[in-house]
Amino acid sequence: MTSYTANTRDMQFLLHEVLKVSEAGLPGYDDLERDFTEQVLDAAGKVASEVLEPLNAVGDKEGCVLENGIVRTPKGFKEAFEAMKEGGWTALDCDPEYGGQGMPYLLNCAVGEIFVSANMAFNMYQGLTHGAYSAIHAHGTAEQKATYLPKMVSCDWTGTMNLTEPHCGTDLGLLRTKAEPQDDGSYKITGQKIFISAGDHDMAENIIHLVLAKAPGGGEGTKGISLFIVPKFLVNADGSLGARNPVSVGMLEEKMGIHGNSTCVMNYDGATGWLLGDLHKGMRAMFTMMNEARLGVGLQGYAVGEAAYQNALAYAKDRLQGRAVTGVANPTGAADPLIVHPDIRRSLMDQKSFLEGARAFTFWGASLIDRAHLADDAAAEGLISLMTPVIKGFLTDKGFETAVLAQQVYGGHGYIEEQGMSQFTRDARITMIYEGANGVQALDLVGRKLAQDGGKHVMAFFEMVKAECKAHDADDRMKPFTDALKTASKQLQAAGMFFMQNGMKNPNAALSGSYDFMHLMGHVCLGLMWTRMAAAAHAALDAGASDKAFYEGKIATGRYYMARQLPACAMHLARIESGAEPVMALDVEQF
Ligand SMILES: Cc1cc2nc3c(=O)[nH]c(=O)nc-3n(C[C@H](O)[C@H](O)[C@H](O)COP(=O)(O)OP(=O)(O)OC[C@H]3O[C@@H](n4cnc5c(N)ncnc54)[C@H](O)[C@@H]3O)c2cc1C
């Protein structure tokens, strides 16, 4: 069976030596001293390996069951959920006014990675609650906040996000769920939502559904959409639970992975709901949380990859097959361990170099979200808005690829359920689809984000890359990083130029290359992260750090990424510059 240990050493390196949190000058960041974050991460790691990880396979095998209209979660989930609540883990970065601990979002992300790696399906119940909490916190009235937030911070009540309908997923303008205004200011919500994660379960007293619906008087398409709070149980004026709202689970979806999380068809039969935010501005309210939600899914992608990698690494050290081509490495054994073989090394290095880069990219993204929120920094807001589709799309594609690579290290045993490796690939797969399928992330990046605010954010990113390279000009040890990063950055700029020159006259020319652009940009971002990490590792070694193996390993892993992964940028650019013709050449009938 599988196991998982939180990589807190790497997280501490990122927080204190790369991001240098205590020097960031952001409210709450001065609390993030090394000893404190170590304690928090170690404690999270203990919960992850002792409570959550042992339930990962249980959740996968048992799944959720719909019994008499109520969803039952797998054995042990309820107790684990109580343990998470008691430990205060659900409240880490929430507003102290509503019972939260007021920690920065960055710390919540680090802890989130640990919990997702241990048990992604379980962690989604809390993750979705956090998303709904953020929406109410940002857009709710004082009364709504007082009614719902304390219970959601503690996870006594959980939350859901209801966008998708049978005929509308990406194109939300098509949605049909109706909201009819009532005399008392509430609305009657009628319609069907599908694929609703954590739509129902037995771990909370109440479930607060956030539902997109169309109220009268709005325009066509997404302009007419509003967002509503629809509780499973109505809440009385004194905060106690009242009547059951007519919202019910139509069925539970059978699905490829995340079996421990309930994916529900939700029927709203004239359920009572209250407007959240402005009428007909529901999409805006939803999008406020999009950076955070999409970063959370990007994190899921690599966090599952991390768990898969850890198991593949242990297996590669243990499993004896064949002999090293350079001479016997394990003379007392019948064969050498898999890890002696260069092709297994290639796979493990692909995994490790991606995962550490992805963690750095996500933590940096989380710090931008903190900077935007805590310091009202418009430049940080612009940058994270640009990066969001890359974090979501690139990290989930590569996270899934990592889980597959890890599975491959097990050979045939990776395909057998008993080993647990197939669960990682099945669980990771959804991250490429939900919260906006990755093709749509690429569309958002190229069609919207590149040109946002006159292209100022992408220009700022290019300047940032340039400045990073320049800062290490005098250090020859950094050349493998800065040379590769400069080349990749130029390729990214050339791709952007191609879109500018061709996209206006033929939009297909831009959109045929959008997916490649998302990956090209993902590599440049990870190249930037590796340059920063290598510089921090050199600085630690220069200062006589005792943990030499960690820093030397860091530099060698970074060099691998620059030498073996960044060259993919040239391929992506070539594909982009081939334009729309090869992609659009066939008539529909010719397929
Ligand atoms: C397990 C699971 C959990 C989910 N949880 C939730 C949840 O909690 N709440 C919720 O509201 N939804 C949820 N979803 C729904 C999920 O977000 C949608 O499935 C997803 O956004 C895609 O929508 P769709 O399935 O309708 O695909 P479609 O919109 O039909 O898209 C199909 C394909 O076409 C592509 N495509 C669509 N439009 C374009 C375009 N204009 N240009 C290029 N390509 C395009 C997409 O990238 C995709 O690959 C969940 C889904 C699953 C499977």
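This report walks through the charged contacts, one helix and a few individual residues of a predicted model.

## Salt bridges and a shared network

Let's start with the charged pairs: the structure holds 30 salt bridges. One of them joins Arg359 and Glu306, whose closest N and O atoms are 3.0 Å apart. This pair connects distant parts of the chain, with Arg359 in helix α10 (residues 342-374) and Glu306 in helix α9, 53 residues apart. Arg359 has a relative accessibility of 0% and counts as buried. Glu306 is buried too, because its relative accessible area of 4% falls under the 20% cut-off.

The two residues also belong to a wider group: salt bridges with shared partners link Asp10, Glu113, Glu306, Lys352, Glu356, Arg359 and Lys554 into one network.

## Two more pairs to look at

Glu165 and Lys193 form another salt bridge, with 2.9 Å between the closest N and O atoms. Glu165 sits in the loop between β3 (157-162) and β4 (178-181), while Lys193 is in strand β5 (residues 187-197), so the pair ties together parts that are 28 residues apart in sequence. Both Glu165 and Lys193 are buried.

For a pair with partly exposed members, turn to Glu67 and Arg72, whose side chains meet in a salt bridge at 3.2 Å, N to O. Glu67 is partly exposed at 38% relative accessible area, and Arg72 is partly exposed at 32%.

## Helix α9

Helix α9 covers residues 290-318, and at 1.5 Å a residue its 29 residues should span 42 Å. The C-alpha atoms at its ends are 42 Å apart, in agreement with that expectation.

How much of α9 is buried? The count is 23 of its 29 residues, so the helix is largely enclosed by the rest of the structure. Glu306, the α9 member of the salt bridge with Arg359, is itself buried.

## A negative patch on the surface

On the surface, Asp30, Asp31, Glu33, Asp35, Glu38 and Asp42 gather in a patch of negative charge. If you would like one residue to inspect here, try Asp35, which lies in helix α2 (residues 34-52). Asp35 has a relative accessible area of 57%, and it counts as exposed because that value is over 50%.

## Met464 and Leu528

Met464 is part of helix α14 (residues 452-471). With a relative accessible area of 23%, Met464 is partly exposed. Where does Met464 stand with respect to Leu528? The two are 64 residues apart in sequence, yet their C-alpha atoms are 9.0 Å apart in space.

Key
Residues are numbered from 1 along each chain as its sequence is written. This is a predicted model: local features need pLDDT of at least 70, side-chain atom pairs count only at pLDDT 80 or more; totals for chains, interfaces and linings use all residues. Side-chain values use heavy atoms; hydrogens and water are left out. Patches are made of residues with over 30% relative accessible area and no salt bridge: like charges are joined within 9 Å, nonpolar side chains (Val, Leu, Ile, Met, Phe, Trp, Tyr) within 5 Å. Accessible areas come from the Shrake-Rupley method with a 1.4 Å probe; for residues, only the protein chains shown count as cover. A salt bridge is a side-chain nitrogen of Lys or Arg within 4 Å of a carboxyl oxygen of Asp or Glu. Lys and Arg count as positive and Asp and Glu as negative; His and the chain ends are not counted. The place of a charge is taken as NZ of Lys, CZ of Arg, CG of Asp or CD of Glu. Helices (H or I, at least four residues) and strands (E, at least two) are DSSP runs, numbered from the N terminus. Buried means under 20% relative accessible area, exposed over 50%, partly exposed in between (1.4 Å probe, protein chains only). The expected span of a helix is 1.5 Å times one less than its number of residues.
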